[in-house]
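I opened this notebook to record what I looked up in the structure, going from turns and strand pairing to the core and the surface. The entries follow the order in which I checked them.

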Amino acid sequence: MRNASRFTMLAAGGLFLFGCNKPTPATADSAAASSTPSATFDETAARAQILGADSAFQRALQSKQVDSLMVYYTPDVVSMGAGDKPVKGATNLRASYDKSVKSNHRNLSFQSGGVNFSNDHTMAWDHGTYTGTSDGPDGKPVTHSGSFMNVWKNVGGRWFIVAEIGT
């Protein structure tokens with residue numbers, strides 16, 4: 001069952017992924033990290049970047065492309081799944097993904113509940129629900145469903161996940 005809850009956490013957490021090749025670590029002073037004045041922030045484009053990553057995540061997870069998933073996380077990401085201990089750091093999260101992709105994910109479906117932004121546009125959070133099937137420990141198909149929430153940080157105009165939780 002641990003693999004099922006890891007799938008839940010990973011599928012939920014990685015749902016809306018968008019970014020580039022080298023994330024910058026998140027800092028406590030998010031206001032200082034923003035180089036874009038609030039007046040020029042394009043919320044529609046930022047929302048499209050975050051939501052547009054949905055299909056990229058699904059394809060990467062189903063095709064077992066862990067490298068394609070990891071570029072969206074900060075090095076100090078915290079990931080929490082139902083019943084699991086938090087996974088801290090991109091190295092540990094990569095190890096979780098490496099195990100998770102062995103369970104043959106398929107039929108993934110995500111429904112966004114929305115994307116919201118902080119007033120200074122340096123942070124965002126998205127949430128929603130998901131369903132999917134993977135192979136259980138006995139090799140038989142197991143259907144998973146639940147909810148997720150991702151916390152994103154805007155670094156140089158790109159969005160990176162700093163925290164995620166899935167049920």
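I began with the hairpin of β3 and β4 in this predicted model, where 5 residues lie between the strands and H121 takes a positive phi near 65°. I then looked up the strands themselves: β3 covers residues 106-117 and β4 covers residues 123-135, and the two pair in the antiparallel sense over 9 bridges. As one point of register between them, I noted that G114 stands opposite H127 in β4.

Next I followed β4 to its pairing with β5. Strand β5 spans residues 141-155 and pairs with β4 in the antiparallel sense over 13 bridges. These two strands also form a hairpin, again with 5 residues between them, and in its turn I found G139 with a positive phi of about 90°. For the register here I wrote down two pairs: A124 stands opposite W152 in β5, and G128 has F148 in β5 as its bridge partner.

I then asked in what order the strands of the sheet lie. I read the order as β2-β1-β6-β5-β4-β3, an open sheet of 6 strands with mixed pairing. The edges are β2 (87-88) and β3, each of which pairs on one side only. As a reminder to myself, strands of a sheet pair through backbone hydrogen bonds, either parallel or antiparallel.

For the interior, I looked up the largest nonpolar core, which has 25 residues, and noted that I50, Y73, L93, Y97, F117 and W159 touch the most other members. The elements giving two or more residues to this core are the helices α3 (43-62), α4 (66-70) and α5 (90-100), together with the strands β1 (73-81), β3, β4, β5 and β6 (158-166). Of these, α3 gives the most, with 5 residues.

My last entry concerns the surface, where M80, W125, M149 and I165 form a nonpolar patch with about 320 Å² of accessible area together. Is W125 buried, partly exposed or exposed? Its relative accessibility is 32%, and because the partly exposed class runs between 20% and 50%, W125 counts as partly exposed. I placed W125 in strand β4, the strand whose hairpin with β3 opened these notes.

Technical notes: Residues are numbered from 1 along each chain as its sequence is written. This is a predicted model: local features need pLDDT of at least 70, side-chain atom pairs count only at pLDDT 80 or more; totals for chains, interfaces and linings use all residues. Side-chain values use heavy atoms; hydrogens and water are left out. Two strands pair if DSSP finds at least two bridges between them. Helices (H or I, at least four residues) and strands (E, at least two) are DSSP runs, numbered from the N terminus. A nonpolar core is a set of buried Ala, Val, Leu, Ile, Met, Phe, Trp, Tyr and Cys residues joined through side-chain atoms within 4.5 Å. Buried means under 20% relative accessible area, exposed over 50%, partly exposed in between (1.4 Å probe, protein chains only). Patches are made of residues with over 30% relative accessible area and no salt bridge: like charges are joined within 9 Å, nonpolar side chains (Val, Leu, Ile, Met, Phe, Trp, Tyr) within 5 Å. Accessible areas come from the Shrake-Rupley method with a 1.4 Å probe; for residues, only the protein chains shown count as cover. A salt bridge is a side-chain nitrogen of Lys or Arg within 4 Å of a carboxyl oxygen of Asp or Glu.
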